[in-house]
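Dear colleague,

Please find the structure below, handed over for your use. A summary of the findings comes after it.

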Amino acid sequence: MKILTWNINGIRASRGKSSAKSLLDSLCADIICLQETKITRDMLDEPTAIIDGYESYFSFSRKRSGYSGTANYCKKTASPNKAEEGLTGKCSNHSETTVGCYGNMESYSDNDLEALDAEGRCVITQHKIRLPTSEVKDVAIINVYVPRAGEKEDRLHYKLKFLSVLQSRCEALLKHNIHVILVGDMNLTHQKLDNCESIYDEDFLRLPSRIWFNEMLQESEHDPSIPCVDSCLNEFTLPDREGGHFSDIFRRLHPDEENAYTNWHTTTEHRKTNYGRRLDYILVDTELAKFATDCQILSQVEGSDHCPVIMSLNCEPVPSTVSPQHCSKFMPEFKGQQQKLSSFFIKATTKDINDGSIANSQSETCVTDILTVDEDSDSTSTPKSVSSEAETNKVLPSVHPSAKLSVKRQTCEPQKSSKKLKPDPSTNKQVSLTSFFITSNPSVSHTLSASKQNNVKSTNSLTKQNCTQSDSDSPTNSQASLLSGSSDAKSTKNTTINQAWRTLLKGPAPPPLCPGHHEPCILKTVTKKGPNKNKQFYVCSRPDGAPGNPEHRCNFFQWLGDNQKKHSK
């Protein structure tokens, strides 16, 4: 059984022109857990939700469009028997196919719990698996997209509440003898091996999210350099928290592997130099972790600033015979129960218009009937009679019987185009903008005017000649010479105009060469808020990487304005 997690950074953007099925099939996993899908409930379309061979389960952001979102795609051979959106149960309909087991969350208000599930950061599917011992066990796969705190204090508090509720839910499921596999983008790095940055001081170690992650793992996988207590974390911790029930599968199987990263900064091209972080994890409870046989980081898979992580379990999925209520195929628009706009435009026959009934069939004809409705007429007026029985049975749009109908017939023959002819450019006396920048040269202007007149005369003579010789298939030699003369005059005029613009506008200065590699630099724009926002600057064109490596980007920097000043001198 293979389980894959991937922060896809927009499911529609990642798949590109290919179908969702081809994307899922290429990942070669039984259960595919995606984060940051960036689709809301109103944006979900059928090609994304209904995929042949898969069942889909979504969690949507209710705060803003194109933000956050998680999804589980399960093969039919590994279909779940229960599913649920969110961690707190506030988004659930609490049916028989709901996962349940929420733990003690009384310390948080209803508003806090609703806010934690309002961003679509968690979806849970519960499956049955058959172990090598032939035992059939329940396992809950919790797919999460942990919030990023940044430098905002309120987002840090939101993240710590989310992590506390997540731990409470995981431990509650374990108490009900349900195995737990926790996957997703955790937005944190655990050990020094998981971060490319050389700065690894006390402030880095004491971040509350890393302390929480360290305590979630079993004691043998703890990082001893990370402290055990944090006042900020304890402020938002729920009661009855235990910890120590999970194993980081990648580090369990590859404890000393370096440069194993799953996320890179795209703006600085860190992926080319593998200068990144490991933010995506697969945590399995210690009892089930014994059956993990492999875990790999698929860094070759592109399409996002993250890459997938896949795990193999020595067990066999037992598919469910009945899909949970949360499955996307039960949504009204995909089940066929939602009333569509097209249902308001049902066609009816002229006979059924008088009876008020709707016809189920529609005849095919090459005649278009146009109905004009006059609501001011009296209700006793009826449609005009039609000339034949076939026209009487013709299908017409449904209209109220009291309306006055007049039927007009139009054939399907294509109408002739009524486009206006373009005026002769020779008669246009408006001054061109380029005339203000062309140096006055009597000989050139005389040549252009003469060629212009010759062009007009040759065109007129050519038109007359074509009218008299309409049966001929190819132009004569005189016509060809006239056409070549007009093209030469036109090319001469274009050359003169191009030279005038090049004299006026010299174009941008060539990019400077970086001193480290003597290569042309690239132009970038400041996006950070401040006095320099939207200003452009030059930097080394090579991708960023570890400091001190001469093959990576050097420290060259130059504002665009400074380079233009040097070029003008």
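The notes that follow go from the whole protein to one pocket and then to one helix pair.

Please bear in mind that this is a predicted model. The protein has 569 residues, of which 42% count as buried. Its secondary structure comprises 15 helices and 20 strands. Among the contacts with a separation of 6 or more, 69% are between residues 24 or more positions apart.

The largest pocket has a volume of about 1400 Å³. Its lining is made up of 41 residues, and those closest to the centre are Arg 148, Ala 149, Gly 150, Asn 187 and Arg 277. Two elements, helix 5 (153-175) and helix 7 (208-216), each give two or more residues to this lining. Sorted by class, the lining contains 15 polar, 14 charged and twelve nonpolar residues.

The same two helices, helix 5 and helix 7, also pack against each other, with their axes 10 Å apart and at an angle of about 10 degrees. Angles under 35 degrees count as roughly parallel, and helix 5 and helix 7 are therefore roughly parallel to each other. On the side of helix 5, the contact is made by Lys 159, Leu 160, Leu 163, Ser 164, Leu 166 and Gln 167. Helix 7 contributes Pro 208, Ser 209, Trp 212 and Met 216. By class, this contact has six nonpolar, three polar and one charged residues.

With kind regards

Technical notes
Residues numbered from 1 in each chain as written. Predicted model: local features only at pLDDT ≥ 70, side-chain atom pairs only at ≥ 80, totals over all residues. Heavy atoms only, no water. 1 Å grid on protein atoms, 1.4 Å probe; cavity = no way out; pocket = protein on both sides within 12 Å on 5 of 7 lines; lining within 4 Å. Points joined across faces, edges and corners; volume = space filled by probe spheres on them. Helix = DSSP H or I, 4+ residues; strand = E, 2+ residues; numbered from the N terminus. Nonpolar A, V, L, I, M, F, W, Y, C, P; charged D, E, K, R; others polar. Axes fitted to C-alpha atoms, helices over the stretch in contact; angles between N-to-C directions. Parallel < 35°, antiparallel > 145°, perpendicular 65-115°, else oblique. Contact = heavy atoms within 4.5 Å. Buried < 20%, exposed > 50% of the residue type's maximum accessible area, 1.4 Å probe, protein only.
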